[in-house]
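Work through the exercises below with the sequence and the 3D structure open. Try each task before reading its solution.

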Amino acid sequence: MNPILKAIQKSAIRIKHAIDVKDIGYSQEQNSSGETQLQLDIQSDLIIEEELSQVEGIHTIASEEKELPMLLNENGHYYIAFDPLDGSSLVDVNLSVGSIFGIYEGEFNASKMIASCYVVYGPRVELVFAHEGKVALYLLQAGEFEFVKHIHLNEKGKINAPGGTQQFWAPHHKAMIDSFFARGYRLRYSGGMVPDLHQILLKGGGLFSYPGATDKPEGKLRMLFEVFPFAFIFEVAGGKAVDGHKRVLEKTAAHVHDTSPCFFGSSSEIDEVLSVYAGA
Ligand code: AHG
């Protein structure tokens, strides 16, 4: 596992450099979900591919920017799915963005996930790594990632980060979100899931939701690249991650780019989501 973490750290340092120096123009290429790719997406994807290719134990990688998984080493053991630069459209307005990694043994199946990691490129670069029952926070300082602390979620938080477009929400979802606000929860939503979830993790708890809605019945966020890695981190930190009805880590992605509605948070808020959605 250590060589994989080291490769992710090297990628993060190179991506941070690319963000700092890169001209922010749009490329003409589209990714497999039909979105126009930013140049930085492509560059970040290539950086991570290059760094992971040097780790012997990796069998296959899958990237949000590649239509199909890529075999690296037939004798490898690990499968890694990553979103090289999540929220990349926020770079040109200078908001925080991130890279997300899910690490599996033997196949891309949520039940085979053994570690998960994300990097936040904000005013500082931070890395969060969940493995063997612990979630560790690292800070990039003078070219090295230094361990800061372990992350634990409280039973209940104060943040509400509601994703999606309100006009398309189901009535029970809107009523639930309104009810959290009516009880004093504060809105914290930047449009980048990495900084938004990072804030909930570091401030002790709350709720992030990206529901299924009439415009996107299966939500927007991709299971392999976004939902499963964060679900793993939230569960290890003592929180929960569900699709409204069950743990997202009990779900299967039929295709690498499949999406799922998702709710991440501390256990009190997620229990409320489950009870609201059960009654809908
Ligand atoms: P993208 O894949 O285009 O970078 O999108 C970012 C994701 C995620 O980071 C964020 O939580 C979500 O999109 C925001 O979507 P909305 O703008 O629909 O709220």
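**Exercise 1. The ligand**

How many Å from an oxygen atom of the ligand does a polar side-chain atom of Y189 lie?

Solution. Begin with the origin of the coordinates: this is a predicted model, in which local features need pLDDT of at least 70, side-chain atom pairs count only at pLDDT 80 or more, and totals for chains, interfaces and linings use all residues. Residues are numbered from 1 along each chain as its sequence is written, and side-chain values use heavy atoms, with hydrogens and water left out.

Step 1. The distance from the polar side-chain atom of Y189 to an oxygen atom of the ligand is 2.5 Å. A polar contact is a pair of N or O atoms within 3.5 Å; within protein, one must be able to donate a hydrogen and the other to accept it, and residues adjacent in sequence count only if both atoms are side-chain atoms.

Step 2. Y210 also places a polar side-chain atom by a ligand oxygen, at 2.6 Å. For M193 the atom is a backbone N or O, 2.7 Å from an oxygen atom of the ligand.

Step 3. On its own the ligand has 470 Å² of accessible area (Shrake-Rupley method, 1.4 Å probe), and the protein covers 81% of this.

Step 4. Around the ligand there are 13 residues (a heavy atom within 4 Å), and D86, G87, Y189, M193 and Y210 are the closest. The shell divides into five nonpolar, five polar and three charged residues. Here Ala, Val, Leu, Ile, Met, Phe, Trp, Tyr, Cys and Pro count as nonpolar, Asp, Glu, Lys and Arg as charged, and the others, Gly among them, as polar.

**Exercise 2. The eight-stranded sheet**

Find the order of the eight strands in the open sheet, then describe its edges and hairpins.

Solution. Step 1. The order is β4-β3-β5-β6-β7-β8-β9-β10, with mixed pairing. Strands (E, at least two residues) and helices (H or I, at least four) are DSSP runs numbered from the N terminus; two strands pair if DSSP finds at least two bridges between them.

Step 2. β4 (70–71) and β10 (144–150) each have a single partner strand, so one side of each lacks a neighbour in the sheet.

Step 3. β6 (residues 97–105) and β7 (residues 113–121) run antiparallel and are joined by eight bridges; I103 is the bridge partner of A115 in β7.

Step 4. Six bridges join the antiparallel strands β8 and β9, where H131 is partnered with K134. Two residues lie between these strands in their hairpin, and E132 takes a positive phi near 50°.

Step 5. β9 and β10 are antiparallel too, over six bridges. A136 is opposite H150, and L140 has F145 as its bridge partner. The hairpin of β9 and β10 has two residues between the strands, with A142 in the turn at a positive phi of about 50°.

**Exercise 3. The five-stranded sheet**

Which strands stand at the edges of the open sheet of five strands?

Solution. Step 1. The sheet is ordered β12-β11-β13-β15-β14, and its pairing is mixed. The edge strands are β12 (186–187) and β14 (240–242), each pairing on one side only.

Step 2. β13 (residues 206–210) and β15 (residues 262–265) are antiparallel and share four bridges. F208 stands opposite F264 in β15.
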